[in-house]
Amino acid sequence: MAILDLNKLPDIDNIKGILKYDPFDEFSELKNLGEISERIYGCALFNGGGTDDKYPHYLEKAYLRAALNEFVSISEMLKKHPPCIVIDKTDYPLFHFFKELRVTNFHIKTFMPNNIKGTAKIVNRTTGKTTLKDLIDIVNFIIEDCNLKLFSDNENYKRHYATEEFKKTVEWVEQNQRIWGINHIIEAALKQYCQLINVTLTNKAVHLSPSQA
């Protein structure tokens with residue numbers, strides 16, 4: 001059974017960036033890793049990628065599915081390179097949650113909009129300038145019926161994740177997605193993975209060239 005460290009569930013900041021999150025602004029050393037870099041950037045690019053008024057919410061949902069695929073593909077690209085920090089060898093709960101979510105015939109599952117009113121800090125990620133917006137309308141997307149039944153047909157989950165920690169992770173996602181939206185949680189997981197890759201490569205003095213990656 002996989003071991004998950006619930007202490008590694010991230011703190012979610014109430015920040016909505018004006019500009020899309022660029023992981024290489026925060027982790028510049030990760031932009032020259034070839035296909036690994038492509039998957040990192042792809043996840044950030046597709047996460048909350050855009051809107052299309054012609055077919056309401058179709059594009060947003062497509063981007064979310066693409067971001068999920070790119071996130072898990074980071075691990076797949078890392079398989080070939082030491083030190084091995086693929087998702088299965090980590091104890092980060094969100095990494096495992098999103099990996100199993102993709103395995104769970106996710107193309108037939110649905111995202112749904114979740115409208116909330118609240119106070120948010122609006123941060124320009126280039127200048128760092130922060131403004132406060134009170135009672136703004138925020139359209140977040142959430143995973144519909146986010147519970148353990150979502151994974152009932154997932155044989156991989158049954159073999160490796162029948163643990164109390166995974167149940168608590170699902171409950172954490174369900175609670176937090178209704179406040180922040182699933183996009184914000186994917187972004188938090190991406191930051192965690194980038195931090196892990198960055199620290200691991202630095203500590204082990206491992207440098208992957210684009211040709212290696």
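Select helices α3 and α4 in this predicted model: the two are roughly perpendicular to each other, because their axes cross at roughly 110° and angles of 65 to 115 degrees count as such. Colour residues 58-78 for α3 and residues 93-103 for α4. Where the axes approach, they come within 9 Å. Look down through the crossing to check its hand: left-handed.

Now show side chains at this contact. Which residues of α3 meet α4? Pick Leu68, Asn69, Phe71, Val72, Ser73 and Glu76. On the α4 side, add Phe95, Phe98, Lys99, Leu101 and Arg102. Colour the set by residue class. Six of these contact residues are nonpolar, two are polar and three are charged. Leu68, Phe71 and Val72 from α3 are among the nonpolar ones, as are Phe95, Phe98 and Leu101 from α4. Asn69 and Ser73 are the polar pair. Glu76 on α3 is charged, and so are Lys99 and Arg102 on α4.

Zoom out to the whole chain and switch to cartoon. There are seven helices and three strands. Trace them from the N terminus: β-α-α-α-α-β-β-α-α-α. One strand opens the order, and four helices follow it. Two strands come next, then three helices.

Next, colour by contact range. Take the contacts between residues at least 6 apart in sequence: 75% of them join residues at least 24 apart.

Finish with the surface. How much of the chain is buried? Of its 213 residues, 46% count as buried. The accessible surface comes to about 11,400 Å². Carbon and sulfur atoms account for 50% of that area.

Notes
Residues numbered from 1 in each chain as written. Predicted model: local features only at pLDDT ≥ 70, side-chain atom pairs only at ≥ 80, totals over all residues. Heavy atoms only, no water. Buried < 20%, exposed > 50% of the residue type's maximum accessible area, 1.4 Å probe, protein only. Contact = heavy atoms within 4.5 Å. Areas by Shrake-Rupley, 256 points an atom, 1.4 Å probe, with all protein chains shown as cover. Axes fitted to C-alpha atoms, helices over the stretch in contact; angles between N-to-C directions. Parallel < 35°, antiparallel > 145°, perpendicular 65-115°, else oblique. Left-handed = near helix turned anticlockwise from the far one by under 90°.
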